[in-house]
Amino acid sequence: MDELSIGKRAKIIREKNDLSLSQFAETIGLTKSAYVNFEYDRNKRSSSNEPTIKAICMKYGVREEWLRSGSGDMYEDPTGENAAVRLMMEALSGGNSFKKKVLMLLCQLDESEWDKIEAFARMLIEEEGTSE
C-alpha cells in the first residue's frame, strides 16, 4: 500500500489523461466543485465517494483496488472482462443510437444465433487472411 490518498491517485489519473479539473469532472458526471472535493480528500463519508470511485474506474480502466489503496497495478487487463463491460457501458452511454440498438439486439440472441455469428466472423477472418 502506498502513502498517497485516494484523491492524489485520482489526480494522477487526471494528469495522465491531460485533463483539467473541469474536464475530468465532466467525464465522470460530476461538477467541478464536487470533483475538487474528492481530489482534495474533503469528503469525510466514504459512502459519498463510492459513485465517484466507480465512475473513475469504469471510464479510465483503473483497478478499483489501486484507486482505493494503491495496491497492485493501476490499470486493469485491457483484454479482461471488466474492460469489455467498460467498453459496452461507454457505447451505451454515448450518443450513437446505432451502437445502442446493435448492443441491445446482441443481448437478445439465443445460442444458435451466436453460433451463426461466430461462423460468419470466422469466415471473414479466413477471407482476410487469404487476400493478403
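Helices here are DSSP runs of H or I at least four residues long, numbered from the N terminus. With that in hand, welcome to a predicted model, in which D77 sits in the loop between α5 (64-69) and α6 (81-93). The other main topic is helix α1, which spans residues 6-16, and its packing against α3.

**The loop residue D77**
- D77 is partly exposed, because its relative accessible area of 47% falls between the 20% and 50% cut-offs.
- R63 and D77 are 14 residues apart in sequence, and their C-alpha atoms are 9.0 Å apart in space.

**The buried face of α1**
- In helix α1, the buried residues are I6, G7, R9, A10, I13 and R14.
- Looking down the axis of α1, you will find these buried residues within an arc of 160 degrees, so they line one face of the helix.
- As general background, an α-helix has 3.6 residues a turn, so residues three or four places apart point the same way.
- The cover over the buried residues of α1 includes α2 (21-27), α3 (32-39), α4 (50-60) and α5.
- Just after α1 comes D18, which takes a positive phi of about 50 degrees.

**How α1 meets α3**
- The two helices pack at an angle of about 120 degrees, and their axes are 7 Å apart.
- That angle makes α1 oblique to α3.
- On the α1 side, the contact is made by I6, G7, K8, A10, K11 and R14, while α3 brings Y35, F38 and E39.
- By residue type, the contact of α1 with α3 divides into 4 nonpolar, 1 polar and 4 charged residues.

Note on methods. Residues are numbered from 1 along each chain as its sequence is written. This is a predicted model: local features need pLDDT of at least 70, side-chain atom pairs count only at pLDDT 80 or more; totals for chains, interfaces and linings use all residues. Side-chain values use heavy atoms; hydrogens and water are left out. Buried means under 20% relative accessible area, exposed over 50%, partly exposed in between (1.4 Å probe, protein chains only). The arc is that of the directions from the helix axis to the C-beta atoms. Contact means heavy atoms within 4.5 Å. Axes are lines fitted to C-alpha atoms, for helices over the stretch in contact, and angles run from 0 to 180 degrees between N-to-C directions. Angles under 35 degrees count as roughly parallel, over 145 as roughly antiparallel, 65 to 115 as roughly perpendicular and the rest as oblique. Ala, Val, Leu, Ile, Met, Phe, Trp, Tyr, Cys and Pro count as nonpolar, Asp, Glu, Lys and Arg as charged, and the others, Gly among them, as polar.
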